[in-house]
Structure formats: C-alpha cells, structure tokens
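I opened the notebook to go through strand pairing, one helix and the contact between the chains. The entries follow in the order in which I looked things up.

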Amino acid sequence: MNDLTLEVQGLSTHFFTRAGVVKAVDDISFSVARGRVLGLVGESGSGKSVTGFSVIGLVDPPGRITSGKILFRGRDLTKLDEREQRDLRGNRIAMIFQDPMMTLNPVLRIDTQMIETVLAHDSVSREVARQRSRDALGMVGIPSPEERLTSYPHQFSGGMRQRVAIAIALLHRPDLIIADEPTTALDVTIQAQILAEVQRLAREVGTALIWITHDLSVIAGLADDIAVMYAGRIVETGSVEAVLDRPLHPYTHGLIGSVPSRNARGSRLRQIPGMTPSLLNLPAGCAFRSRCPRADAACAADPPDSFPVEGRTLRCFHPQLEMMA
Amino acid sequence: MSGGPPAVTAASVPVIELKGISKRFGKTLDIAARMTQSARRAMGSKVEEPVVKAVDRVDLTINRGEVVGLVGESGCGKSTLGRMVAGIMPPSDGTVLFEGRDIRTFGSDEARRAKLKVQMIFQDPYASLNPRLRVDEIVGEAPRVHKLIGPEGFDAYVDAQFNRAGLDPAYKRRYPHQFSGGQRQRIGIARALAVQPEFLVCDEAVAALDVSIQAQILNLFMDLREQLDLTYLFISHDLGVVEHLSDRVAIMYLGRIVEEAAAEEIFSRPNHPYTQALLAEVPRIDTRKRQFTAIKGEIPSPINPPSGCHFHPRCPHAMPVCRERAPVLETVAPGHRSACHLNTQ
C-alpha cells in the first residue's frame, strides 16, 4: 500500500464550455507503484491526456477537477495551493509531452534552460547545476553532452530534442513521470532508443511512470500494467499480460483486434463499427454501447466498477468472462 | 519482360516500372547568391550547390494486382518516390514506364488517361480536401471534368462512389469539416476511385487515424482490391500495417531501396542489417515487457549522406568496403534482392 507513488480515486475533470459540459475525465481510479510503468491507452478524445494534466495540475479553465482525490505519496494534490503545486511540479512530478518544443524554449540555449530548472528547486551553485545538466544529457544518451549543452533546440533532431526534454524531466529524479505520447512523432529506430532509456530509468531510479499512448504495441513491450480509457472513463485495468491476453471489456477486445499483427496477415481485421462519441453532453450509461456487440437494455445505466479477478477492474455489464476460461 | 512493344498482353506487363529513377531537390538561387557563386568560381574555388538526393537511382517494378509496401523512416524519400509513381512529380533522372511504355513518349491525351489510372491517397485527411467545396463536388469534380459522366448522371454517380467508400450519400451536401478523420479519409478514397483508377498510391493513408478507425480503412482497402482488381503502392512507416497488407515489400533508407522481397520472405528472413534492425525495433502487440535495444545513432541528413553504403555508420557489421562503395541490389534468393556487401563476401 505504501509503495504506491500515485493513487487516483474517483477523479473527474470537466470542461464547462459554452456549448455544454464536456466530461473529459469522469470518475476514474487507478494507481501506480514505485518503479512500475502504467500504460494509459485510449483513442483520441478518450481523456487520457487530460488525466495526465489533472495529475500534474495543469488543467486550465474552462476545465476544472470537479471531484476525486489524487494521492501522491499519500498527499492529496487537489488540496494543494498553487505554490505547493509549483514545489512538486518539475521536482517530484515531471511531464514529457508529445512535442518536445512544448518543453523547450526555442530562443534559449539548452544549458540556460536546464540550469534554470535545477535552480528552481535546489539551492546549489550554477557550476553544480551545470554538472547535473550535463550528467542528465549523458544519461539519456546524447553524445558529447558537454558541447551539446551550448546548443539551441533547433540544432537538435526530433529524437534528440525529445531526449533533452526527457533529460530535463529527470533533473530532479522525480518520483513520478507522466509521458504523454512522447515517441509518437518519432521514427521506429529512434523510438526504440527512447524506450530503452525510459525502461532503464524506471528500473534503476525507481521512478513510477504513466505512459499515455494510443499505441497498444508500445505498451505491450514497455508497461507492467495497463488502463484502457474510453470516452472519459477507465473501462478496464490490469497487468499487461492479463488485459492483452484475456481482455474482458468488449472495447479492449475490439481495440486489440484492430491492430494488424503477424498472425492475421492478409485477413480482414476485426474492426469496431462506428466511431467514438462526442464527449459533449454525453448521455448516461455505458458510452461504448452504440458500438458494442454485447450491448442490451441494461447498458443504458452506468456500469459500476467491478473486480472480476484479483488485480483487475472492469466497467461492463456483459464482460467477456469466457476469455478467462 | 521489360521494354516490350506496346502490343503485349496487359497481364504480363508491369503496371509501373521505375528504372534508375532519381529526384534531386536543390535551392533555386536568387540573383545575389548566383553572383557570389560566379564570383567564387571566377576566383578559382570549387562551388558545390547543396542538393538533396531524395531518391537515388531506384528500380522498382509493380505488377498488376499486386500490393507493394514501401517502408522507411522519415526523410528516406518514400513519399517522393510515391509522388513520382503517381505522376505528380517529374523525376530528375531515370524512366517511368506505365504499362510498359515510357511516359515521356505519351501524347497529351494519353498522358492524361495514364494519370487518371494512377490515383493517390494522402496522409492528412484534413489538408487534402478543399474546405470550401461540398463533398459531392470534391468527389464528382474530376469525373465531370474528364467527361466520365455527363451532368444528368452526376448525382447517381457520386452516390455510388460514396456507397463504395462506406459513406452515407445522405451527407454529400456537407462540407469536409463536418466529418470525422476516418470519414474524411473515406472521402479521399471515394475521390480517388471516382476516376476509375487501376492503381492507388497510398501515402501513409492510415497514419493519422485512431486504431479502431485505421482497422476500418485497412479493411476497406482490402475489399476494394478484391472488387476492383486494384494495384497498390502502400507507403508507410508502420511495419505492422505493411506486413498485414502487402504482397511484396521494399525497404528504403536515405533515398535508396536497400532490400526488396515477398512480404513473408522479408519478415521471416530479412537480409539487410537495416531491415533486421528495423524488424527488431517494431513494437508488437504480442511481445511482452521486453528489453529494448536500439540501433545506435541518428538517421543521417540526406543533404550530406554518409559515403558508400548509407547505413554503414549505424551498421553493426560495417567493413572498410562499406565506407567506400555503395552496394547494389543483388538477388540473394529467388525474388529477394538486397544491397549489402556482406552478401558478396
């Protein structure tokens, strides 16, 4: 229990727009333990990024966390004021974005940006801060870090920039890193390099990691646990083996069937009909029911969290329990 | 089989044959730059213009009814190659044969007909549709201009194209922004099919789509192939997608094709070290928590590619000869060609 770095309970983040309320995140619960990697999977608009932003406290109006607890090492982040949040952000909790230029300032040299980050939370000399920055660049596999410190972001390739962003996230050896699709824009060989670094960090430093992605294949190789989001809700959680080998929720099942894999060469993919619903004024009940082959009248009500097996949670009235057999 | 007279039966002649095709992009110099250049030249120094060889002497044959996957990382020239195949970008060097004949010998009528036979589907379903046209106009414009349909048949024809691409014709008076990404991609497909092509060039056509939508579009491509007897050049960086769809696969690295073989062959017995590394890196849904080991180094800039074999700085098997000479594609097994010096050792 005490080993949980992050425990999210019943979190809801809603956006109050002129057109209506968008329940981007609606009553979700999950946890990440020290040194573990949680894969948060979902399609665009499923609320996975907003979940990340909620945890690190970067939800802007008209968005607001409307209910729930975010326990970070036992402390509820939703109760902190702005100053306390700033103390944690970038220090104990860090975020890596899909576009590294969201982290990097294009007109400042890398060393300026990194030293600034170190000094924001630690009172050390500039020399020490520089040393730490250089070590962090070396750790993420940037060749000749001493020279690269004096470069500007535009002098790096996309993969290298993402490494710099990761190095900045690592400067304070955070307890939790939230990575929002950090390798989606990268090429396969570069993505593998980044994944290798991240894996090593989780193992060696004990950082807990939330890896947000739409790519089940990346999660399959990287994560320990998986949480599947659909239309603002977590519909299924469990270990990667359990969820990918024996999916219980029809959506997870459909998602896995949609991924082209080597066994199914040339055959039709098992597609999910229809498309993801708009989150604006989403009606009550299971949001997947219009696309679900198992849906019936019961699905018009909200399915509660259930715990079909040890270590798994599920939100479905008609789970594919035959998968367990 | 190649270069036959135009009268050969259609079945034996490849739809598209590329011979030593290259594409170079250079900067067009303004007058000041040209003057400094000629001044430098006058002073006896050597002047080299910065030229990107996006595609470098590529041979590729695509037979009728085949799906050829073209794989490579960003900047390797795969999109440029696709555009040259589709006839919307002229090559700097080399020959494109369409149904066995050099496209440069075509008269204007013939060239237009050949162009209609090859259609392209683009990656970005947002940028590739004119936002100011209603979607029935987008789909029906080309067939009307090319007189495939008269004014009276317009509506029925557009409806048929919509149905074939899995769209509801009831929405045909809407604008592109009123559709989701997957539906827009279907509009792009309906537009391409409306001129009755035989050959589709799909440039990352599913890369921008969510997984569940991607599966729908891939299924649509496969259905259309059966119904319409289409030939595809399927360009993608996603090996999973290419493996699923293709009969034959060509792997590109920095402007050159480094390996080409039947899909099953290349995925089970990759020959080129780059292909091997690429296949090892692909995240797969059936692998579990694994050690990622990466190919070292970055993808070099195509402006200044490494000498000899472009892959040698990253290759675990690099030998002195790799730095000096570029390997050529050689047959390593029936129907399997690879460009690596290891094969000629």
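I first fixed the burial terms: I call a residue buried if 20 or more other C-beta atoms lie within 10 Å of its own, and exposed if 12 or fewer do, with C-beta atoms placed from the backbone. The model is a predicted one.

**Helix α5 of chain B**

I looked up helix α5(B), residues 154-164, and found its buried residues to be B:Val158, B:Gln161 and B:Phe162. Why do they lie on the same side of α5(B)? I noted that they cover an arc of only 100° around the axis, and therefore they share one side of the helix. I then checked the face turned away from that buried side, where B:Ala156 and B:Asn163 are exposed. Next I asked what the buried residues of α5(B) pack against. The partners are two helices of chain B, α4 (135-145) and α6 (181-193). Just after α5(B), I recorded a positive phi of about 75° at B:Gly166.

**Strands of chain B**

I followed strand β1(B), residues 16-26, to its partners. It runs antiparallel to β2(B), residues 51-62, and eight bridges join the two. In this pair I found B:Ile16 opposite B:Ile62. β1(B) is also joined to β4(B), residues 93-98, by five bridges, again antiparallel. Here B:Glu17 faces B:Leu97 of β4(B).

**Strands of chain A**

I turned to chain A and traced β1(A), residues 4-17, which pairs with β4(A), residues 63-72, in the antiparallel sense over eight bridges. A:Ser12 stands opposite A:Ser67 of β4(A). I then followed β4(A) to β5(A), residues 75-76, an antiparallel pairing with two bridges. The bridge partner of A:Phe72 in β5(A) is A:Arg75. Two residues lie between the strands of this hairpin, and I noted that A:Arg73 has a positive phi near 45°.

**Contact between the chains**

I last looked up how many residues of chain A are in contact with chain B. I found 38 residues of chain A in contact with 37 residues of chain B. On the chain A side, the elements that give two or more residues are α7 (188-205), α8 (216-222), α9 (240-245) and α10 (250-258). The largest share comes from α7(A), with seven residues. I sorted the residues of the chain A side by type and wrote down 17 nonpolar, 13 polar and eight charged.

Terms used. Residues numbered from 1 in each chain as written. Chains lettered and ligands numbered in written order. Predicted model: local features only at pLDDT ≥ 70, side-chain atom pairs only at ≥ 80, totals over all residues. Pairing = 2+ DSSP bridges. Helix = DSSP H or I, 4+ residues; strand = E, 2+ residues; numbered from the N terminus. Contact = placed C-beta atoms within 7 Å. Nonpolar A, V, L, I, M, F, W, Y, C, P; charged D, E, K, R; others polar. Arc of directions from axis to C-beta.
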